[in-house]
Amino acid sequence: MRMNRKEGKKILKKVNFKSKVSVAKEKFLEKLNLPDELVYDYAKITMIENKEILIEGSNSIVDYYDNYIKIQTKNVYIILDGNNLNINEINDNELLISGVISNVGYMSR
Amino acid sequence: MELEEGINRINGTIEVEIQGFFTERFINLCKINNIKIWNIKNIVSGIVRFSIALKDFKKLKNISKKTKCKIKIISKRGLYFKFFKYRKRRLAFLLILIFIIISIASTTFIWDIDVSGNVYVSEEKIYNALKEAGLYVGRNKIGLKTKKVINSLRVNLSDIAWAGIEIDGTHVHVKVVEKTKLPDSAVSEDSIGDIISDKSGIIEKITVENGTSILSVGEYVEEGRILIEGKIYSEFLETKDVTAKGTVILKTQYVYKNEYNYNVQEKEYTGKKKYSIGIGINDKENYINYLDKSLNYDIIKSSKDINLFGNKISFILYRFDIYNLKDIVLTKEQLIEQANIDCEEYINNEILPNTKNGEVLDKNLIIEYEDENKICVKVEINVLEEVGYFKERT
């Protein structure tokens with residue numbers, strides 16, 4: 001079915017408006033100086049040497065082995081390599097992993 | 001976190017092993033369903049162990065069905081499982097219950113009473129008065145009306161001006177304030193009497209406020225003699241009886257006498273110490289005695305006392321310092337120095353506390369006699385002090 005010219009213009013207007021709103025929102029939040037992980041739901045990773053890693057904003061565990069863990073977050077997968085990797089705590093938003101971590105990698109979703 | 005761990009320890013925790021292909025999904029589902037799991041360990045691929053609270057364990061059933069994982073309990077921890085294990089031992093539970101009841105019940109009784117603030121009213125009198133008022137060791141605290149006890153105490157003991165009772169757990173602290181006794185100077189004007197010397201000495205100063213004194217400065221008075229007579233003599237009027245008043249300062253003499261040996265034995269500590277423990281009931285002490293009787297010991301005690309229904313029970317830790325006796329010969333100067341130190345101690349502890357406004361005037365050290373082994377030292381101490389007490393004439 002061919003799209004009417006008028007309808008096409010309407011949709012274009014809507015898209016433009018949405019993009020303008022999102023740009024305005026970003027600018028406004030930038031001016032507030034809020035941390036990025038709160039604004040864009042980025043995952044925050046805190047590491048203590050190679051012994052402990054705390055991931056805030058994790059979604060779920062994809063793979064779990066003794067020496068390899070793959071964790072899904074909103075934007076990327078986090079891949080941990082190491083030995084004796086134990087999940088000390090897991091709750092809604094946080095994930096605490098301990099063990100000997102040898103490598104932390106990222107993979108885009 | 002610590003509180004949560006404590007609660008889990010009481011309620012019970014279980015260590016669970018899951019076996020299957022989708023262990024990750026199992027963990028994610030636990031997270032989604034708000035089931036708290038911790039200490040997750042991957043044993044081998046496909047086998048995961050974790051800890052879970054007892055109350056959440058039943059929720060795992062649905063998840064295991066979904067993920068097709070087998071659940072196996074590895075260990076159970078917590079007070080709940082301990083009680084469950086010993087549930088058939090009713091006697092033990094009964095004993096624990098009785099113990100708890102006894103310990104709670106015993107705290108409702110009074111175990112100890114101490115009295116403070118009394119100077120001239122004896123403690124025994126106060127304890128008896130308290131007993132009459134219904135406060136004694138072994139009484140139940142429930143139903144004790146302190147106001148009633150205080151009122152009764154004040155009625156029975158007229159010398160007490162104020163009393164306060166403070167109940168601190170099983171101990172009762174009774175604080176009393178006594179009525180102040182009138183000093184000698186505040187003897188009522190109506191009573192007629194004299195001031196009589198209570199010590200012998202030479203008069204240094206005499207001030208008569210009321211009455212007559214025939215004594216003068218420099219005169220020697222003996223104990224029991226009238227210092228100020230409660231009479232006023234007049235050439236023209238009749239002799240009038242009054243209350244004798246005034247101050248008399250006497251120069252009194254005290255003597256300190258002691259023998260000192262040239263040959264003395266001195267303790268020489270070896271530095272070795274021995275320890276022992278003991279128990280004492282009402283000043284009767286018993287301790288574990290494993291000491292060598294041929295050695296000399298200095299015993300140092302430190303104890304902790306408990307008052308149990310009026311009986312003093314003390315737990316004592318003994319320390320025995322071992323020493324050897326060593327013979328030494330002192331010189332005459334050293335002995336005199338020692339005599340001076342002892343004399344000072346005698347003045348401060350024996351003489352001055354028993355005088356009124358006492359003050360040491362001078363002291364004179366004399367060696368009374370001496371031979372090869374010892375010397376005898378005599379110290380004459382002259383003291384200025386206020387003397388005299390009021391005696392009503394009958």
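What covers the buried residues of α7(B)? The cover includes α6 (123-133) and β6 (160-168) of chain B, and the views below start there. This is a predicted model, in which local features need pLDDT of at least 70, side-chain atom pairs count only at pLDDT 80 or more, and totals for chains, interfaces and linings use all residues. Residues are numbered from 1 along each chain as its sequence is written, while chains are lettered from A and ligands numbered from 1 in the order in which they are written.

**View 1. The two sides of helix α7 (residues 146-156) of chain B.** Val149(B), Ile150(B) and Leu153(B) are the buried residues of this helix (buried: 20 or more other C-beta atoms within 10 Å of the residue's own; exposed: 12 or fewer; partly exposed: in between; C-beta atoms are placed from the backbone). They sit on the same side of α7(B) because they cover an arc of only 100° around the axis, the arc being that of the directions from the helix axis to the C-beta atoms. An α-helix has 3.6 residues a turn, so residues three or four places apart point the same way. On the face turned away from the buried side you will find the exposed Lys147(B), Lys148(B) and Val155(B). Helices (H or I, at least four residues) and strands (E, at least two) are DSSP runs, numbered from the N terminus.

**View 2. Helix α2 (residues 23-32) of chain B meets helix α3 (residues 60-67) of chain B.** Their axes come within 10 Å and cross at roughly 145° (axes are lines fitted to C-alpha atoms, for helices over the stretch in contact, and angles run from 0 to 180 degrees between N-to-C directions). The crossing of α2(B) and α3(B) is right-handed, meaning that the near helix is turned clockwise from the far one by less than a right angle. Arg25(B), Phe26(B), Leu29(B) and Cys30(B) of α2(B) make the contact with Ile63(B), Lys66(B) and Thr67(B) of α3(B); residues are in contact if their C-beta atoms, placed from the backbone, lie within 7 Å.

**View 3. An open sheet of five strands in chain B.** The strand order is β10-β9-β14-β20-β19, with antiparallel pairing (two strands pair if DSSP finds at least two bridges between them). β10 (220-221) and β19 (356-370) are the edge strands, each pairing on one side only. Look for β14 (residues 245-261) and β20 (residues 374-387), joined by 14 bridges. Val255(B) has Glu380(B) in β20(B) as its bridge partner.

**View 4. An open sheet of four strands in chain B.** Here the order is β16-β15-β18-β17, again written for antiparallel pairing. The edges are β16 (284-287) and β17 (296-308), and the twist averages 35° from one strand to the next. Strand β15 (residues 263-281) and β16(B) pair over four bridges, and Ile279(B) stands opposite Asn286(B) in β16(B).

**View 5. Positive phi values at Glu49(A) and Asn39(B).** Glu49(A) has phi near 45° and lies in the loop between β1 (44-48) and β2 (52-56) of chain A. Glu49(A) is exposed, with 8 other C-beta atoms within 10 Å. Asn39(B), with phi near 50°, has its place in strand β2 (residues 37-44) of chain B. Asn39(B) is partly exposed, with 15 other C-beta atoms within 10 Å.

Notes. Two residues are in contact if their C-beta atoms, placed from the backbone, lie within 7 Å.
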